[in-house]
Amino acid sequence: MAKMDEITSLAKRRGFIFPSSEIYGGLKGFWDYGPLGVELKNNIKRLWWKSMVYERDDVVGLDASIIMNPKVWEASGHTEAFTDPLVECKVCHIRIRADNNQEIENHEKSHKATVEWTKPKTFNLLTEVYLGTTEPKLKAYLRGEITQGVFVNFKNILDSSRQRIPFGIAQIGKAFRNEITPGNFTYRSREFEQMELEYFVAPDEKESLETFEYWKEQRLKWYVSLGMDKKKLRFREHAPDERAHYAKSAEDIEYEAPFGWSEFEGIHHRGEWDLGRHKLSYKDEEAGKEYTPWVIETSGGVDRSTLFILIDAYHSEKDRVILKLHPKLAPYKAAVFPLLANKPDLVTKAKTIYLRLKLRLATVWDDRGNIGKRYFAQDEIGTPWCVTVDFDTLKDDAVTVRDRDTTKQERVAVDNLEEYFQNKIKG
Ligand code: ATP
């Protein structure tokens with residue numbers, strides 16, 4: 001399994017993820033996505049949107065604002081209950097989440113003397129912001145979950161679309177949590193992105209449980225469809241005392257990361273909690289009834305998915321590192337090279353092929369060093385295919401396509417290249 005330092009170093013070296021504001025020493029819990037990271041992350045989000053919105057008739061999208069009327073967070077219970085327990089080491093005053101046994105254990109080992117901890121205190125995770133120019137400024141919050149934006153728009157969406165229960169609202173966007181101990185690279189950040197579905201059903205035990213099971217399976221299947229190793233994925237049910245304040249039941253999809261099995265998506269049965277708290281209801285015209293719908297939620301993290309996809313794809317062989325990213329996720333699908341960078345005929349031909357391919361597929365140009373070095377560099381960023389233009393190309397109008405995972409080479413006619421890649425990406 002990849003080690004975390006291998007992942008963080010590759011991410012930095014090849015432009016996937018950088019510490020935020022690094023030239024000023026960075027800021028704990030904040031990260032920037034570089035040229036390749038933004039492509040990988042966008043691919044994840046695009047594929048999620050495709051499977052959750054475009055391929056379905058019963059889900060519509062939303063993009064709600066990050067800052068909302070603070071009353072939203074009072075009604076949702078977050079100002080009161082969106083908390084983590086915090087303990088402080090009486091020796092060095094470091095603060096740790098009281099439920100993080102691993103960190104507590106590590107910290108105790110780091111002191112020679114026995115550590116004494118303060119009693120756990122609850123600590124609210126909402127990040128406060130102050131709005132306006134005159135005092136007193138209005139205290140508001142950066143959203144702690146993107147979810148509430150969906151509930152407060154429930155009526156707007158019902159009134160403006162043809163959706164009727166059961167149906168869902170999908171959203172991708174940033175959330176902020178004042179985490180006590182950000183860490184494990186991007187795993188626990190203070191600013192992160194979520195991709196969530198809130199699916200509304202009638203208040204019925206059987207139907208809601210079936211919907212819960214249905215979405216659990218769908219979500220796991222989606223990660224497998226992105227090429228993730230099924231053996232490293234599992235469900236874990238939350239114990240009653242572990243559930244968030246809104247959850248009737250909850251299960252996580254976990255990945256076996258180098259730092260242990262860790263959550264990266266939660267499937268939550270939120271019952272009538274949210275719509276009830278916002279005093280929203282639904283009129284079923286056909287049945288002539290009005291009720292508070294129940295909600296099944298799938299809440300995934302874009303950053304945690306990006307991190308686990310990178311970890312899962314990382315392979316090292318004796319003389320190369322390969323990111324075996326699914327072609328759908330790879331930042332570049334193909335790299336185009338002239339065999340020799342100092343032969344104008346080869347360069348001109350390769351440039352023509354590159355410029356044509358680039359209009360249809362994310363394609364990169366590379367003419368540095370020798371072919372071996374270029375293969376090495378493309379393997380490391382997960383480019384599935386390398387296209388070499390050689391002297392034969394000038395005669396037969398065909399190129400050599402080399403496969404990242406098998407290193408096998410195939411001769412493909414220039415005119416068929418695009419179709420050749422599209423078929424492979426689909427397959
Ligand atoms: P944890 O127990 O790890 O703090 P959580 O159970 O509070 O997470 P949820 O509130 O269920 O998390 O959030 C849904 C998803 O949002 C998580 O599965 C995760 O992918 C993502 N997420 C939550 N907190 C963070 C964070 N601090 N950094 C990055 N992603 C996060």
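**Sheet architecture and salt bridges**

In the predicted model, seven strands form an open sheet with mixed pairing, in the order β3-β9-β10-β16-β13-β12-β11. Its edges are formed by β3 (59-62) and β11 (233-237), each of which pairs on one side only. Neighbouring strands of the sheet are turned against each other by 25° on average, direction ignored. Helix α2 (residues 35-54) packs on this sheet and touches β3, β9 (167-176), β10 (191-201) and β16 (294-301); the direction of α2 makes about 160° with that of β9. At the β11 edge, β11 and β12 (residues 249-257) run antiparallel and are joined by 5 bridges, and E237 has E251 in β12 as its bridge partner.

The count of salt bridges comes to 40. One of them joins E193 to K45, with the closest N and O atoms 2.8 Å apart. This pair links strand β10 to helix α2, across 148 residues of the chain. E193 counts as buried because its relative accessibility is 8%, under 20%, and K45, at 17%, is likewise buried.

A salt bridge between E210 and K206 has its closest N and O atoms 3.2 Å apart. Both residues lie in helix α8 (residues 205-225), 4 residues apart, about one turn of the helix. E210 is partly exposed at 45% relative accessibility, whereas K206 is exposed at 60%.

In a further pair, D396 and R411 approach to 3.4 Å between the closest N and O atoms. D396 belongs to helix α13 (residues 393-396) and R411 to strand β23 (residues 409-413), so the salt bridge ties together parts 15 residues apart in sequence. Salt bridges also link D84, R97, D99, E179 and R188 in a network.

Notes: Residues numbered from 1 in each chain as written. Predicted model: local features only at pLDDT ≥ 70, side-chain atom pairs only at ≥ 80, totals over all residues. Heavy atoms only, no water. Pairing = 2+ DSSP bridges. Helix = DSSP H or I, 4+ residues; strand = E, 2+ residues; numbered from the N terminus. Axes fitted to C-alpha atoms, helices over the stretch in contact; angles between N-to-C directions. Contact = heavy atoms within 4.5 Å. Salt bridge = Lys/Arg side-chain N within 4 Å of Asp/Glu carboxyl O. Buried < 20%, exposed > 50% of the residue type's maximum accessible area, 1.4 Å probe, protein only.
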